[in-house]
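Please look over the sequence and the structure shown here before reading on. The report that follows goes through a few residues and groups of residues, one after another.

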Amino acid sequence: MQAWAEAQRLKKRKIAFVPTMGYFHQGHLTLMAKGRQLGDELVVSLFVNPTQFGPGEDFETYPRDTKKDLKLAQEAGADVLFMPEAPTLYPDGFQTFVNLNDLPQHLCGLSRPRFLQGVATVVTKLFNIVKPHVAIFGKKDYQQLAVIRRMVKDLNLDIDIIGAETIREPDGLAMSSRNAYLTPDQRTPATSLFLALTKAKERVATGEKDAGRVIAAATEAISSHPGTAIDYITICDPDTLEDKKYIEQPVIMAIAVKVGQTRLIDNMCLMPPETA
Ligand code: AMP
């Protein structure tokens, strides 16, 4: 992979990169389409990264369909589908991790303490292997995108990071490989994240400034569905992810909820009327 990437660079070919954990849906394919536009060569990686899963999380059961993914990536115009094995990326003796001080102290980092270290480490490794000029990430995983942007800046990585809008099902549910876990009767509770965010966006666009009231309304709307357990509902600064009490600038409202055993996340940017 490194030799191929180096050869492309010598030919002045621009490499666009989309890292994924596979089980492709329209969200992944939209990132690939963007990569296709932005680069001369498109590399997609498929690696279910063990270091970003904690004990008791779904590493073993994470949905996988390599054959279908290969076909979908080809159709999306990928030049390379890079599928390393875990022992290749993490051989015996591996002991170097990338850690951020503050960004992981919010949102998913609080309940998934290894997650962002695992993401930052594997993405750094993949960047060094794929040598991209530009890499595309989804805003659906907002904290992940914030961590990668910060890490690229802090470590002077010479890569443009592009954030792509969240792709949704017709009922608003953010597309996710984990949606495959949902049973038909979990669909309505799952869609309540999107509905609560949409409602919050409307409230803020029409003048609500009190983050606590917006969060309370969303909490009520989601927890009224049986089988839901809220991990967090937060209104935070788009860059630092620190909590905001009053909404005077665009903010991010981020939600994580367990519906049955499935952990779902979603977020939206809320804009007060003076900034819209
Ligand atoms: P994953 O395979 O879930 O690790 O995701 C790979 C990339 O696709 C990440 O940059 C995600 O943020 C992005 N992604 C996942 N779901 C969506 C979605 N519904 N819309 C846009 N991007 C997404």
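## Q144 and its surroundings

Leaving aside neighbours within four places in sequence, Q144 is in contact with F115, L116, V119 and F137. The model described here is a predicted one. Q144 itself lies in helix 7, and with a relative accessible area of 17% it counts as buried, because the cut-off for that word is under 20%. One of its contacts, L116, is 28 residues away from Q144 in sequence, while the C-alpha atoms of Q144 and L116 are 6.9 Å apart in space.

## The nonpolar cores

F137, another contact of Q144, leads into the interior of the model. When residues within four places in sequence are left aside, F137 is in contact with P19, L31, V123, F127, Q144, L145, I148, I161, I162, G163 and A164.

Which residues of the largest nonpolar core touch the most other members? This core has 42 residues, and the ones in question are V123, F127, F137, I148 and I161. At least two residues of the core come from each of several elements, namely strand 1 (15-20), strand 3 (80-82), helix 5, helix 6, strand 4 (134-138), helix 7 (142-154), strand 6 (228-236) and strand 7 (251-259). Helix 6 gives the most to this core, with 10 residues. Apart from the largest core lies another one, of 24 residues, which includes L173, L182, F194 and I235.

## Residues in loops and in a strand

R114 is found in the loop between helix 5 (107-111) and helix 6 (115-130), and a relative accessible area of 46% makes R114 partly exposed. If residues up to four places away in sequence are not counted, R114 touches T51, Q52, F53 and P55. R114 and G54 are 60 residues apart in sequence, yet from C-alpha to C-alpha they are 6.2 Å apart in space.

N179 also sits in a loop, the one between strand 5 (160-164) and helix 8 (187-205), but N179 is buried, with a relative accessible area of 11%. With residues up to four places away in sequence not counted, N179 touches E169, L173, A174 and L264. Among these contacts of N179 is L173, which is also named among the members of the 24-residue core.

A254, by contrast, is found in strand 7, where it counts as buried at 4% relative accessibility. Leaving aside neighbours within four places in sequence, A254 is in contact with L107, Y232, I233, T234, D266 and N267. The C-alpha atoms of A254 and A211, which are 43 residues apart along the chain, are separated by 12 Å.

## Two residues with a positive phi

Neither of the residues in the table below is a glycine, and each has a positive phi.

| Residue | Phi | Location | Relative accessibility |
|---|---|---|---|
| K12 | about 65° | loop between helix 1 (2-10) and strand 1 | 74%, exposed |
| L241 | about 65° | loop between strand 6 and strand 7 | 0%, buried |

Both entries are loop residues, but K12 counts as exposed, whereas L241 is buried.

## Cysteines without a disulfide

How many disulfides does a search of the whole structure find? The search finds 0 disulfides. C108 is in no disulfide, and the nearest cysteine sulfur to that of C108 belongs to C236, 11 Å away. For C236, the closest cysteine sulfur is in C269 at 10 Å, which is too far for a bond, because a disulfide requires a pair of cysteine sulfur atoms within 2.5 Å. C108 is buried, with a relative accessible area of 4%, and C236 likewise counts as buried, at 0% relative accessibility.

## A pocket with a mixed lining

The last item is the second largest pocket, in which about 350 Å³ of space lies. This pocket is lined by 15 residues, and those that lie nearest its centre are L103, A146, R150, D239 and T240. Sorted by class, the lining of the second largest pocket consists of 5 nonpolar, 2 polar and 8 charged residues.

Notes. Residues are numbered from 1 along each chain as its sequence is written. This is a predicted model: local features need pLDDT of at least 70, side-chain atom pairs count only at pLDDT 80 or more; totals for chains, interfaces and linings use all residues. Side-chain values use heavy atoms; hydrogens and water are left out. Helices (H or I, at least four residues) and strands (E, at least two) are DSSP runs, numbered from the N terminus. Buried means under 20% relative accessible area, exposed over 50%, partly exposed in between (1.4 Å probe, protein chains only). Contact means heavy atoms within 4.5 Å. A nonpolar core is a set of buried Ala, Val, Leu, Ile, Met, Phe, Trp, Tyr and Cys residues joined through side-chain atoms within 4.5 Å. On a 1 Å grid over the protein atoms alone, a cavity is a set of points where a 1.4 Å probe fits but cannot get out, and a pocket is an open set with protein on both sides within 12 Å along at least five of seven lines; lining residues have an atom within 4 Å of a point. Grid points are joined across faces, edges and corners, and a volume is the space filled by probe spheres set on the points. Ala, Val, Leu, Ile, Met, Phe, Trp, Tyr, Cys and Pro count as nonpolar, Asp, Glu, Lys and Arg as charged, and the others, Gly among them, as polar.
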